[in-house]
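Trainee: I should like to take a close look at a single part, the largest cavity. Which helices and strands each supply at least two residues of the lining of the largest cavity?

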Amino acid sequence: MKKQYRLGVIGGGFMATAIVKGIVYSDFLRAKKIIVSDPSAQAREKLSELGVYTTANNRDVAGNCDYLLLAVKPQTFEEVAQSVKGLPVEKVITIMAGVKKEKIKKLLFGNAVKVARVMPNLPCSIGAGMSAVDLEDFSDDVDDCSFILDVFGKLGEVLTVPEEKLNAVTGISGSGPAYVYMFIDGLVKAGMNQGLTEDEAKTLAVMTVKGGAEMVAHSEDKTLGQLISAVCSKGGTTIQAVESFRSDGMEAMIDRAVAACVKRAAELSE
């Protein structure tokens, strides 16, 4: 039976809104082909401004869309699953961190349903995000894969990975923006300690991180080590800071932080 909506979304929070905005603003889908449910009247009102249909009833969404996007907190998933039980859902996309496909199928629609897991990150909200997508359930359908990749391609870059790598993805790109913000904050405070104003230090720090990342992205013929060396000169200024970072164990510190994040993601997956 033909469904009324191409995409249904359960959950109208920050990331769900970012995804819907990306789809609508890019003209990938007409707003009238999207329906979103959320218990908050305020969230529904905000989404309605995009032209999409909204409802407080999850069943209105799950039973009437080609693709169902689950954009709820992992701890509320079991309650959501109960609210839509028994409906004829065939294709599910989930951005719930740590909730495995096996659990989604068990609590929702059984093994007949296909599930794509996606780990987007916060910069998706400005079209500069990174999303990792597990498409193994859809590997036999080019059209389905294309649709899912296109949805998240409207929000930034997309990388396909198997489900078992998603916890590692969480440790790098999913949680990674917070690490970048911490580094920028540290640079700003250090700049202020050296006599710069907060605005001056923030401008310098933000543009340096942005420009450095762009150079990495566009310097395929150079390793990261070579790029570091290119900024350093023997006996110069940069090497003093680099050697300070190394003596303080910066690389090991980052490794420990990412490992702690991945460990927690694995715990949530159990």
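Mentor: The strand β6 (114-119) and the helix α7 (166-174) each supply at least two residues of that lining; helices (H or I, at least four residues) and strands (E, at least two) are DSSP runs, numbered from the N terminus. The model is predicted, so local features need pLDDT of at least 70 and side-chain atom pairs pLDDT 80 or more, while totals for chains, interfaces and linings use all residues. Residues are numbered from 1 along each chain, and side-chain values use heavy atoms, without hydrogens or water.

A search of the whole structure yields 1 cavity of 30 Å³ or more, and the space in the largest cavity is about 30 Å³. On a 1 Å grid over the protein atoms alone, a cavity is a set of points where a 1.4 Å probe fits but cannot get out; a pocket is an open set with protein on both sides within 12 Å along at least five of seven lines, and lining residues have an atom within 4 Å of a point. Around the cavity stand Met96, Arg117, Val118, Met119, Leu166 and Thr170. β6 gives the largest share, 3 residues. By class, the lining holds 4 nonpolar, 1 polar and 1 charged residues.

Each of the two elements also leads elsewhere. α7, together with α1 (14-25) and α4 (77-83), supplies at least two residues to the lining of the second largest pocket. The volume of this pocket is about 710 Å³. Its lining numbers 31 residues, and Ala71, Val72, Lys73, Pro74 and Ile95 are the closest to its centre. This lining comprises 16 nonpolar, 12 polar and 3 charged residues.

β6, in turn, leads to the largest nonpolar core, a set of buried Ala, Val, Leu, Ile, Met, Phe, Trp, Tyr and Cys residues joined through side-chain atoms within 4.5 Å, where buried means under 20% relative accessible area (1.4 Å probe, protein chains only). That core has 33 residues, of which Ile19, Ile148 and Phe152 touch the most other members. Two or more residues come from each of β1 (5-10), α1, β2 (34-37), β4 (65-70), β6 and α6 (142-153). The most, 7 residues, come from α1. Beyond its neighbours within four places in sequence, Ile148 is in contact (heavy atoms within 4.5 Å) with Ile93, Ala116, Val133, Leu135 and Phe138. Apart from this core lies another, of 23 residues, including Val61, Leu68, Ile104 and Val113.

Key
Points joined across faces, edges and corners; volume = space filled by probe spheres on them. Nonpolar A, V, L, I, M, F, W, Y, C, P; charged D, E, K, R; others polar. Buried < 20%, exposed > 50% of the residue type's maximum accessible area, 1.4 Å probe, protein only.
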